[in-house]
Amino acid sequence: MVEHTGLDIMCLNKHCHSSSSSSSSEPDKKVFSKLKLSLSDYPRKNAEILSGQYGTNVLLIGAALMLAQGPSIKQEHLLSFITGLMILQLIWMMWYILVRDRRKNTRTEKDVHATTCWIRGGLTLLALLSLTMDAFRIGYYVGYRTCLSAVIGVYPVIHATHTIAQVHFLWFHIKDVIKSFETFERFGVIHAVFTNLLLWCNGVRAEAEHFLNNYMRRLSALGYENFTIENSEPLCNCTTSTCTMFSSSLKYLFPFNIEYHIFVSAMLFVMWKNIGRTIDLSSNHKRLATKTQGLILGPLLGLLALGSTIGVLVVYITHLEDSLQTRQSAITMFYIYGIVMLVFMCSASLSGLLIYRADNMPLDTSKNPSRQLDTELLFGSSIGSWLMSWCSIVAVLGTNSSPSYRWTNFVYSLLVVLEKCIQNLFIIESLYRQPEDGARKDPELPAAPEICSVSSSLALPYNGIINQGYETPDMACVTIENKQEESGQVYTCPTKPPDVPLPVGNKVVKPPKIKRQILKNIAIFLLMCNISLWILPAFGCRPQYDNGLEEQTFGFSIWITVLNFAIPLNLFYRMHSVACLFEVFRQV
């Protein structure tokens with residue numbers, strides 16, 4: 001034994017043993033503890049798989065009812081099934097809220113990255129528009145109640161109640177990290193996820209039917225095809241004078257209801273992923289918004305894009321049913337507008353990426369289910385417009401006809417593919433950028449405790465008391481791995497700070513303001529451009545229905561199927577990009 005000049009404590013740590021036999025058995029203990037931990041994960045994994053399969057089958061049952069619409073399966077059957085799902089979700093949300101109210105003294109962990117106040121505020125606005133649509137549906141049912149099923153009237157009432165309760169749940173419980181009744185709660189949350197997905201699919205189907213009927217009506221009026229258009233009006237007279245107003249107003253509210261349900265399902269999916277999760281306190285901090293000085297060029301260009309979008313929408317819709325030459329001019333105008341818009345968006349995204357390349361800031365690799373879902377949704381929803389664009393390119397190259405908009409369609413489709421690739425890179429890199437030194441954190445959140453650390457100012461000299469239970473001579477961290485693994489908790493020891501000179505006095509080195517201002521202008525410009533590109537297809541400006549090139553190449557049924565798949569995904573991509581770019585704007 002080595003002698004020391006002071007009191008020599010051989011071991012203060014209960015995990016430290018002096019005998020060689022005990023040290024030789026440490027690998028065996030680690031193996032058994034890891035095996036025990038992996039075995040304890042099986043119930044959680046099984047619950048994830050079972051709940052995921054349950055939700056998927058719920059969605060597939062609803063999809064089967066949608067596809068089977070006909071003489072035997074009517075709309076009332078589908079609405080009855082969706083109404084039952086909404087009632088089940090209401091029961092689960094009431095149970096969850098009551099259980100949380102009874103356990104007020106128990107602290108519930110929160111995932112601060114799950115959502116933000118402005119996202120919930122935007123969803124509340126979309127929910128209000130959905131409630132307006134429910135009110136119109138109720139008014140429509142009242143006018144035709146003598147010949148409509150009672151399900152048509154009950155559905156909007158239950159949907160309105162479901163919307164109000166769900167908005168309350170999103171505001172007060174969406175950040176919860178559930179640690180009790182995990183298996184049951186997994187089924188409840190995933191039921192809510194797929195109920196909203198089914199409501200989204202039902203809205204997409206209704207909107208697609210509306211556009212398809214209008215398209216076939218225009219073709220029949222122009223003498224191109226002889227289609228049989230189904231009459232969706234009830235077989236009785238309206239008892240009020242507002243039935244036509246309610247019916248015509250619904251088509252303007254469909255886009256908002258569709259976006260509401262798909263965004264809610266995404267937020268609930270993040271909550272489902274957080275069930276049973278151990279939050280890393282060192283990264284569970286909410287970054288506050290930075291200052292917004294120097295915002296001139298981005299908002300001005302964005303407002304210009306938004307104003308030109310409204311003008312293009314009005315001109316396109318008003319000239320669509322005119323003569324053939326006027327209609328082709330309207331389609332050409334749309335493609336030229338789209339080419340200019342996409343060129344500016346590609347340039348802005350490339351500029352942002354070049355600024356990031358100039359700064360060698362590391363990426364944030366901490367676990368964040370919300371950010372990971374944002375990335376996956378950006379890529380997944382891009383598939384729709386990519387498919388539509390490549391089909392248009394094939395049609396342009398393979399067709400024998402040469403309308404005035406043939407090659408503008410070709411350039412526009414190529415730019416759509418390129419713009420989404422570059423914008424996805426810009427958004428993802430912005431979301432994964434680490435906050436710079438001195439970046440502000442949310443002051444309301446508690447600081448992450450420094451576990452397993454010994455302050456250098458309190459460390460004893462080496463010629464005094466020596467604790468040989470520490471693994472390293474600098475006394476930086478105590479190894480308590482075995483106990484942590486047995487309890488299922490994971491802690492991380494702080495790393496040693498780099499040997500860099502500290503700033504003198506109270507001066508803090510700040511990044512150049514000009515780069516931050518440029519990035520903020522880029523983010524706000526891209527945000528408004530994505531809003532513009534969402535408005536056009538959402539409110540009827542869809543040249544893919546009207547140019548005729550793709551229909552000649554692929555056939556009517558195949559091309560309509562492609563559009564019914566691609567356009568809803570494209571609409572969601574634009575709105576999801578708006579949400580991500582606003583977060584980039586706040587944090588850059």
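These legends go with close-up views of a predicted model.

**View 1. The disulfide between Cys147 and Cys236.** The two sulfur atoms of this bridge sit 1.8 Å apart. With -50 degrees about the S-S bond, the link is left-handed. It ties together distant parts of the chain, 89 residues apart: Cys147 comes from the loop between α4 (117-143) and α5, and Cys236 from the loop between α6 and α7. On the accessibility side, Cys147 comes out as partly exposed, at 32% relative accessible area. For anyone setting up topology, the disulfide count for the model is 2.

**View 2. The disulfide between Cys238 and Cys243.** Here the sulfur atoms are 1.7 Å apart. The angle about the S-S bond is 60 degrees, and the link is right-handed. The two ends differ in burial class: Cys238 is partly exposed at 24% relative accessible area, while Cys243 is buried at 2%.

**View 3. Cys346 and its closest cysteine sulfur, in Cys421.** Why is there no bond from Cys346 to Cys421? Their sulfur atoms are 9.2 Å apart, which is too far for a bond. Cys346 is buried, with a relative accessibility of 7%. Another cysteine to look at is Cys117, which counts as partly exposed at 44%.

**View 4. Asn257 and its contacts in helix α7.** Asn257 belongs to helix α7, which covers residues 243-274. Is its side of the story buried or exposed? Asn257 counts as buried because its relative accessibility is 5%, and the cut-off for buried is under 20%. Once neighbours within four places in sequence are set aside, Asn257 is in contact with Ser130, Met133 and His159.

**View 5. Phe181, with a positive phi.** Look in the loop between α5 (150-173) and α6 (182-222) to find Phe181. Its phi is about 50 degrees, and Phe181 is not a glycine. As background, most residues other than glycine have a negative phi.

**View 6. The largest cavity, about 280 Å³.** The structure has 3 cavities of 30 Å³ or more. The lining of the largest cavity is made of 23 residues, and those nearest its centre are Phe334, Met388, Tyr412, Gln544 and Asn570. Which helices each supply at least two residues of this lining? They are α9 (324-358), α10 (369-398), α11 (406-431), α13 (513-538), α14 (543-546) and α16 (556-587). Sorted by class, the lining has 13 nonpolar, 8 polar and 2 charged residues.

**View 7. The second largest cavity, about 70 Å³.** Its lining residues include Val204, Glu207 and Ala208, along with Arg542 and Tyr545. Leu563, Asn564, Ile567, Pro568 and Leu571 are also among them. Both α6 and α16 each supply at least two residues of the lining, and α16 gives the most, with 5 residues. The class split is 7 nonpolar, 1 polar and 2 charged residues.

**View 8. The aromatic pair Tyr54 and Phe187.** A search of the whole structure turns up 23 aromatic pairs. In this one, the ring centres are 5.9 Å apart and the planes stand at 55 degrees, so the pair is tilted. Tyr54 sits in helix α2 (residues 26-67) and Phe187 in helix α6, so the pair links distant parts of the chain, 133 residues apart. Tyr54 is partly exposed at 31% relative accessibility, and Phe187 is partly exposed at 29%.

**View 9. The aromatic pair Phe269 and Trp272.** Ring centres are 5.5 Å apart here with planes at 35 degrees, so this pair is tilted. Phe269 and Trp272 both lie in helix α7, 3 residues apart, or about one turn of the helix. Phe269 is partly exposed, with a relative accessible area of 27%, whereas Trp272 is buried at 9%.

**View 10. An aromatic cluster.** Tyr316, Phe334, Tyr335, Tyr405 and Tyr412 make up one cluster. Phe334 and Tyr412 should look familiar from View 6, being among the residues nearest the centre of the largest cavity.

**View 11. Phe344 and Leu526.** Phe344 is in helix α9 and counts as partly exposed, at 47% relative accessibility. Along the chain Phe344 and Leu526 are 182 residues apart, and their C-alpha atoms are separated by 9.1 Å.

Notes: Residues numbered from 1 in each chain as written. Predicted model: local features only at pLDDT ≥ 70, side-chain atom pairs only at ≥ 80, totals over all residues. Heavy atoms only, no water. Helix = DSSP H or I, 4+ residues; strand = E, 2+ residues; numbered from the N terminus. Buried < 20%, exposed > 50% of the residue type's maximum accessible area, 1.4 Å probe, protein only. Contact = heavy atoms within 4.5 Å. Disulfide = S-S within 2.5 Å. 1 Å grid on protein atoms, 1.4 Å probe; cavity = no way out; pocket = protein on both sides within 12 Å on 5 of 7 lines; lining within 4 Å. Points joined across faces, edges and corners; volume = space filled by probe spheres on them. Nonpolar A, V, L, I, M, F, W, Y, C, P; charged D, E, K, R; others polar. Phe/Tyr/Trp six-rings, centres within 6.5 Å; stacked < 30°, edge-to-face > 60°.
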